[in-house]
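I'm opening a fresh notebook page for this one. The plan is to look things up one at a time and jot down what turns up.

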Amino acid sequence: MFVGRKKEIGALNKVLSSDKQENVLIYGRRRTGKTMLIKEAIKDKKAIYFEAVEANEITILNKLGEIVSEYFHLPLAFSSFFDLFKYLFEKGKSEDLIFVIDEYSYLRNSVTSIDSIMQSYIDEYKFSSRLKLVLCGSYVEIMKNLVDYSKPLYGRFSQIIKLKPMDYYDSAKFYKNYSVEDKVAIYSVFGGIPFYNALINDSLSVKDNIMNLLLAPYSPLYNEVENYLKSEINKITNANSVFEAIALKATKFTDIKDHSHIVHSPTLSLILNKLNEMDIIKKEAPINDPHNKKKAHYYIGDNLTLFYYKYVYRYKSQLVITSPEIFYKNYIEKDLYENHIPKIFEMIARQFLIRKNIKGELETPLLAIGKYYYGDPVNKTNGEFDVVTKDEFGYIFYECKYTRAKVNEALIKKEIAQVKNTNLNPYKYGFFSRSGFDENISPDIITYTLKDLYL
């Protein structure tokens, strides 16, 4: 089934329905649903869809020629990609036509001149053809290279869509039957990748889904993380070391370097930058000091990758010689609910506030959201508040409590006192609570429960 992506579908449909020649680039990490997005957008339109394969130029040309011949119900033959594209652009003069090339990086690797061929026809037919050209690919570095200033297709795209993982809200549409607590828990493990979420069975418990999809031998996601990374990164050993270090809470560059035992800083920088481009590693500077590189932290932004390196990769040898049930009980269960989910709950709180801001539902629009770095002169320590927003009036501090106890007035006063010991001086305070709030909470405090997140 197709879930979410309303903004992307709307933007794509607008371009594909125009009365002129348009070119679209869609790229992003694997499993984010790029192909499903395209197929949903073209399902009621005249379109030729071609998925490129790893083969030589002649094989790809013949395969594509067969698809074009079948579409037009004509015995067509093309001696070169020049002939094929000329035919399609000419057809676009008299009829609306969409031409999709999926896994474009495979075609680009086999036909080194393909970008230049496309550029020549795009320029020639810019004002005379209505052909819509859609290029899609998963290899982030290669696809981003298409829009580099020095490349033939630079400036030729009407629309560029980098498809990112879904947020917690759209992800939950895959498992509607879960309670709000289970929705938070399952998102903390599988994140916002549509392919992963489509595998979840919401008639089973969170625990059973983790065991069936990740821990059981031959389960569909047993080797998913490492296989995915191998497709994008050559030196997987270094990447494994980086992920393991960050999963164990080494978030500063120097700490990651020490824990991963990567000797050369440029090597680590290269790995972190590439993982950042893939939306797996996030780099974040504090909201109150955004240009201070020394205070920037790295964290794993993909929930399945974080879960894998925190629990599975670290204890892979034990997983091989024990049952999924025992492994879950010994290495996952306690920490999952005491530490992992509460941390992801903070990420969800941010996503929730961003959603409300986009929809214009906040009293004052946000200018920024993120961590706030502070120095505590009373206790002579430094630290960070994880969810802080900034607007025209100043900062709002949010605390996220993922506990079974309701948040009461005493706890709120304690948290506010801690904030007042730092250099953060918010004009408002807010709280997210798993279990709700006591009735006597001051109306000046912003309060959100789990149910509020999924309204």
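**Entry 1: strand pairing**

In which sense do strand 1 and strand 4 pair, and over how many bridges? I looked it up, bearing in mind that this is a predicted model. Strand 1 (residues 22-27) runs parallel to strand 4 (residues 131-137), and six bridges link the two. I picked out two spots along the pairing: Asn23 sits opposite Leu133 in strand 4, and Ile26 sits opposite Cys136 in strand 4.

Next I checked strand 3 against strand 4. That pairing is parallel too, over five bridges. For Ile98, the bridge partner in strand 4 is Lys132. A reminder to myself about what holds such things together: strands of a sheet pair through backbone hydrogen bonds, in either a parallel or an antiparallel way.

**Entry 2: the whole sheet**

I wanted the order of the strands. Five of them make an open sheet, ordered 2-3-4-1-5, with parallel pairing. At the edges I find strand 2 (47-51) and strand 5 (159-162), each of which pairs on one side only. From one strand to the next, the twist averages 10 degrees.

Something also packs on this sheet: helix 3 (residues 57-72), which touches strand 2 and strand 3 (97-102). The direction of helix 3 makes about 155 degrees with that of strand 2.

**Entry 3: strand 4 up close**

How many of the residues of strand 4 are buried? I get seven of its seven, so strand 4 counts as buried because each falls under 20% relative accessible area. Both faces are covered. One side has Leu131, Leu133, Leu135 and Gly137, while the other has Lys132, Val134 and Cys136. I noted Lys132 in particular, as it is the partner of Ile98 from my first entry and is on the buried list here.

**Entry 4: the nonpolar core**

I then looked for the largest nonpolar core and found one with 118 residues. Phe85 and Phe190 have the most contacts inside it. Helix 18 gives the most to this core, twelve residues. The general pattern I keep in mind is that nonpolar side chains tend to be buried together in soluble globular proteins.

I followed Phe190 outward. Leaving out residues up to four places away in sequence, Phe190 touches a list that includes Tyr196, Ile200, Leu213, Leu221 and Leu304. Polar names appear there as well, among them Asn197, Asn209 and Asn303.

**Entry 5: a buried glutamate**

Two of those neighbours led me to Glu224, which is found in helix 12 (residues 224-232). Is Glu224 buried or exposed? It is buried, with a relative accessible area of 8%. Again setting aside residues up to four places away in sequence, Glu224 touches Arg31, Tyr196 and Leu304. With Tyr196 there is a polar contact between the side chains, at 2.9 Å. Tyr196 and Leu304 are also on the Phe190 list.

**Entry 6: salt bridges**

Side chains of opposite charge can pair when their charged atoms come close, so I ran through the charged pairs. The whole structure has 27 salt bridges.

The pair I wrote down to begin with is Arg434 and Glu181, with the closest N and O atoms 3.3 Å apart. Why does this pair tie together parts that are far along the sequence from each other? Arg434 is in the loop between strand 11 (428-433) and strand 12 (446-449), whereas Glu181 is in helix 9 (residues 180-190), so the linked parts are 253 residues apart in sequence. Arg434 is buried at 11% relative accessible area, but Glu181 is partly exposed at 27%.

Then I took Glu325 and Lys207, which meet at 2.5 Å, N to O. Glu325 belongs to helix 18 (residues 324-358) and Lys207 to helix 11 (residues 206-215), so this bridge ties together parts 118 residues apart in sequence. Both are partly exposed: Glu325 has a relative accessible area of 41%, and Lys207 has 24%.

Helix 18 also holds a bridge of its own. Glu338 and Lys334 come to 3.0 Å between the closest N and O atoms, and they lie four residues apart in that helix, about one turn. Glu338 is partly exposed at 46%, while Lys334 is exposed at 57%. One last note: Lys343, Glu346, Lys371 and Asp386 are joined into one network by salt bridges that share partners.

Conventions: Residues numbered from 1 in each chain as written. Predicted model: local features only at pLDDT ≥ 70, side-chain atom pairs only at ≥ 80, totals over all residues. Heavy atoms only, no water. Salt bridge = Lys/Arg side-chain N within 4 Å of Asp/Glu carboxyl O. Buried < 20%, exposed > 50% of the residue type's maximum accessible area, 1.4 Å probe, protein only. Core = buried A, V, L, I, M, F, W, Y, C linked by side-chain atoms within 4.5 Å. Contact = heavy atoms within 4.5 Å. Polar contact = N/O pair within 3.5 Å; in protein donor to acceptor, adjacent residues only side chain to side chain. Pairing = 2+ DSSP bridges. Axes fitted to C-alpha atoms, helices over the stretch in contact; angles between N-to-C directions.
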